[in-house]
Amino acid sequence: MTAPARPRLGGHPEAGGTRFAVFTAAATAAVELLDDRGERRQARPLEPRGDGYFELFVPGVGHGALYRFAIDGRSLPDPYARALPRGVHGPAQVYEPRYQLRHPAPQRELTRQVIYELHVGTFTQAGTFEAAQRRLPLLAELGVTTLELMPLAAFAGERGWGYDGVALFAPHPAYGTPDELRELVDAAHGLGLGVLLDVVYNHLGPSGNYLGAYSPDYFHADVDNAWGKALRYDHPPLRQLVLQNARYWLEEFGFDGLRLDATHAIVDASAPHVLAELTQMAHALAPPRLVIAEDERNHAELVTRDGLDALWADDFHHQLRVLLTAERDGYYA
């Protein structure tokens, strides 16, 4: 007997309305859909689908609608939101992509790529996807072949490195809309530039992280890393969140690959390891996508055993920093 299909979590437009779905292991009473102000007088109960999944189709609700979920009366943002126009503590937005990708991705061997790491918030004075797009010809003229966008998942506040993202499916709203990000990737492809995305699957940021309110099992109770409780990859909803998120960036935005942040901090005793499963998924797409790990252990097994395409080598940077600053903590020990 095959397992029942699980609802697609979040709020997704369909013909005639929007389908909303939630996973929670924390609810003891009601799971509800709220309006953009989080007021319960407009609450609609979601229908249980078993194993902690709840779902509701709402006719007449479409692109642009704002919503929240409530678990036992507590109003919460949607951690699966595709857009968070008011920030990570605000309501989610139902988002239906309007921009269609036009340009095919350039195909180059990894050894022939010149990668430029780009932080959208500081690459231009405006710090937006739109402003970055206008400067892409300068990078192509420079000889860059591939952009690597630093993390884009929504985080608390307006500006930051991006490594404290909490809403993995929502591009950071200060940078622009999901469609403006699609247009940036497409414009890069039109100039012959590949585009990689830096993603963080080893921890979530401290502010705006509501996953634990939906289910504490997303996190290990007794396993910590440098940022707090480690993500629990033997918890199927967490594993599916990350695998679906990786596919989302690659398929729906057209990214040519992923750079995985601090994979040494990903705790997973499963077989296969989540990194191997993620890489297998990325390689099965058409065209296959790259997966590069940043891992302070320099474990060649990530390539030879788990199938990743490459490791990000920080050694030269670390050696220079130790030489110039005498720092000896953390990475520089």
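Visitor: Before any particular void is discussed, what counts as a cavity here, and how is a volume assigned to one?

Guide: On a 1 Å grid over the protein atoms alone, a cavity is a set of points where a 1.4 Å probe fits but cannot get out, and lining residues have an atom within 4 Å of a point. Grid points are joined across faces, edges and corners, and a volume is the space filled by probe spheres set on the points. This is a predicted model, in which local features need pLDDT of at least 70 and side-chain atom pairs count only at pLDDT 80 or more, while totals for chains, interfaces and linings use all residues. Residues are numbered from 1 along each chain as its sequence is written, and side-chain values use heavy atoms, with hydrogens and water left out.

Visitor: How many cavities of 30 Å³ or more does the structure hold, and which residues lie nearest the centre of the largest?

Guide: There are four cavities of 30 Å³ or more, and the largest has a volume of about 100 Å³. Its lining comprises 14 residues, with A153, L168, D198, V199 and V200 nearest the centre. Strand 14 (194–199) gives the most to this lining, three residues; strands (E, at least two residues) and helices (H or I, at least four) are DSSP runs, numbered from the N terminus.

Visitor: What is the volume of the second largest cavity, and what lines that cavity?

Guide: The second largest cavity holds about 60 Å³ of space, and among its lining residues are L9, F23, F69, D78, Y80 and Y218. Strand 2 (17–23) and helix 5 (211–214) each give two or more residues to that lining, the largest share, three residues, coming from strand 2. By class, the lining divides into ten nonpolar, one polar and one charged, where Ala, Val, Leu, Ile, Met, Phe, Trp, Tyr, Cys and Pro count as nonpolar, Asp, Glu, Lys and Arg as charged, and the others, Gly among them, as polar.

Visitor: Turning to helix packing, at what angle do helix 6 and helix 7 pack?

Guide: Axes are lines fitted to C-alpha atoms, for helices over the stretch in contact, and angles run from 0 to 180 degrees between N-to-C directions. Helix 6 (residues 236–252) and helix 7 (residues 274–284) pack at about 30°, with axes 10 Å apart. The two helices are therefore roughly parallel to each other, a term for angles under 35 degrees.

Visitor: Which residues of helix 6 and helix 7 meet?

Guide: Contact means heavy atoms within 4.5 Å. The helix 6 residues include R239, V242 and L250, and those of helix 7 include V274, E277 and M281. By class, this contact has eight nonpolar, no polar and three charged residues.

Methods:
Angles under 35 degrees count as roughly parallel, over 145 as roughly antiparallel, 65 to 115 as roughly perpendicular and the rest as oblique. On a 1 Å grid over the protein atoms alone, a cavity is a set of points where a 1.4 Å probe fits but cannot get out, and a pocket is an open set with protein on both sides within 12 Å along at least five of seven lines; lining residues have an atom within 4 Å of a point.
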